[in-house]
Amino acid sequence: MLRKLVNKILGRKPKEQNDESFWAKGMQQFRKNKLAVWSLRFVKFLIAIALLADFLANEKPIVAKYQGETYFPIFKSYAVDLGLSKWPEELKNAVWQDLEYDWVVRTPVPYSPSNMDQNNDQYASPFDDQNVSSGYWRHWLGTDALGRDVLAGLIHGSRVALMVGIIAMFIATLIGLLLGSLAGYFGDEKMKISRIRLFLNLLFLFLGLFYAFGVRGYALTDSFDSKESSFLWEFLISLIILVGMVIFANLLARPLKAIPFLRKKVRIPIDIIIMRFIDVMLSIPTLLLILAIIAITGPSITVVMVIIGLTRWPAIARLMRGELLRIRSLEYIEAAHALGFSEFRTIMRHAIPNAMGPVMIAIAFGIAAAILIEAFLSFIGAGVPPDQVTWGSQLAEARSNASAWWLAIFPGLMIFFTVTVYNLIGEGLTDAFDPKLRK
């Protein structure tokens, strides 16, 4: 009985009534939009292709027996890249297509996106006769000027496109949810913090930024000259240092709060601070910022993802702020306060989950925009290194030969369909979670 009473006060539904919850109603409405549902299925299919790209298009076989030994070359390459294994001497510089295997299981497309077919090295058309030994080795969507297979490039390019869209919006969502929740829930009146905690947080935040990105600036810069994974690792170390400094500041503030003067709380106008910060971020043009940084660091997909994520969060923050301004005065939030729940639990368990509808819409549109930005940067040669194949870089090659129509049609269609389906999903979520638009 007590649990039922608490659930009723907090607005929770019992298990047998879960189909009437906010999310259940929203998804039920979303499923009525057939176009959005099929768009979501296309995205799932595209994600599956991106995850399995190495097993769909690769010059290395999936499994093979060579000179009496059984090898799993694709899995082996993963271990070699991670430094966990080494290639045997006879396979270090092997041309995998020319090896004589005892038996072999190849990928559906026997080419990697960087493979150059010397027998079909000048714009082989999908419909022309190709110099191949059998239909299995045919370039079904043609080749570019270097003899690289277009279909293999499309398959592996899906990994780059989705990685940029999803990771960039993941970064933007984390920042947007944090700042938008603080601004909307606390406003300018409700956030109060002790003097010592405020002082130590500001002090150690400055020290954390100095040691994490100032002192380690050379390590971060040098990591650009090696693999992108090295930069990600160095950047992660810097984030750990920064977060560790902030955590230490809050732990140090606890015993010092015993002093009455230091324990006294001061009001922080968090809403106006965050909103002015959002105004500053909205004034920064994303493309120009990316181009300026790439001019210093060189083309890097990591830079593209991080910059897009760091500049796309204001839209999410503003939506979250608007929703929490409405939600914070509802009955179940007041009930949570009456039951003595902490502010952190109230925000995480009750406020944010009920404000995620509009945010999901912004994320869907944001992924589409991030994919389009990456394609544009790759098209002008600024998004990724020259040896990395993406949809945008394939599309750019069509400029040098107008008769190579397949280099414009197939990558262009992939960009068009991917951006369109994400926009359709966003429209479906808008219809599903906006009460004014529900049918």
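**View 1. The largest cavity of the predicted model has a volume of about 30 Å³.** A search of the whole structure finds one cavity of 30 Å³ or more. Rolling a probe the size of a water molecule over the atoms shows where empty space is left. The lining of the largest cavity consists of Ala 64, Tyr 66, Tyr 71, Pro 73, Leu 91, Trp 96, Leu 99 and Tyr 101. By class, eight of the lining residues are nonpolar, with no polar and no charged residues.

**View 2. Met 320 and Tyr 422 touch the most other members of the largest nonpolar core.** This core has 63 residues. Several helices each supply at least two residues of this core. They are helix 3 (34-51), helix 6 (150-186), helix 11 (270-282), helix 13 (301-327), helix 14 (331-338), helix 15 (343-351), helix 16 (356-379) and helix 18 (406-433). A second, separate core holds 15 residues. Val 164, Met 305, Ala 370 and Val 384 are among them.

**View 3. Close-up of Tyr 422 and its contacts.** Neighbours within four places in sequence are left aside here. Tyr 422 is in contact with Val 43 and Leu 162. Further contacts of Tyr 422 are Ala 364, Ile 367, Ala 368 and Ile 371. Tyr 422 belongs to the largest nonpolar core.

**View 4. Thr 418 is found in helix 18.** The relative accessible area of Thr 418 is 0%. Buried means under 20%, so Thr 418 counts as buried. Not counting residues up to four places away in sequence, Thr 418 touches Phe 42, Leu 46, Ile 371 and Trp 391. Ile 371 is also in contact with Tyr 422.

**View 5. The protein chain as a setting for the close-ups has 18 helices and five strands.** Its C-alpha trace spans about 80 × 55 × 45 Å along the principal axes. The protein chain has 439 residues, and buried residues make up 44% of them. The accessible surface of the protein chain comes to about 24,000 Å². Carbon and sulfur atoms account for 65% of that surface. Consider contacts between residues at least 6 apart in sequence: 73% of these join residues at least 24 apart.

Note on methods
Residues are numbered from 1 along each chain as its sequence is written. This is a predicted model: local features need pLDDT of at least 70, side-chain atom pairs count only at pLDDT 80 or more; totals for chains, interfaces and linings use all residues. Side-chain values use heavy atoms; hydrogens and water are left out. On a 1 Å grid over the protein atoms alone, a cavity is a set of points where a 1.4 Å probe fits but cannot get out, and a pocket is an open set with protein on both sides within 12 Å along at least five of seven lines; lining residues have an atom within 4 Å of a point. Grid points are joined across faces, edges and corners, and a volume is the space filled by probe spheres set on the points. Ala, Val, Leu, Ile, Met, Phe, Trp, Tyr, Cys and Pro count as nonpolar, Asp, Glu, Lys and Arg as charged, and the others, Gly among them, as polar. Helices (H or I, at least four residues) and strands (E, at least two) are DSSP runs, numbered from the N terminus. Buried means under 20% relative accessible area, exposed over 50%, partly exposed in between (1.4 Å probe, protein chains only). Contact means heavy atoms within 4.5 Å. Accessible areas come from the Shrake-Rupley method with a 1.4 Å probe; for residues, only the protein chains shown count as cover. A nonpolar core is a set of buried Ala, Val, Leu, Ile, Met, Phe, Trp, Tyr and Cys residues joined through side-chain atoms within 4.5 Å.
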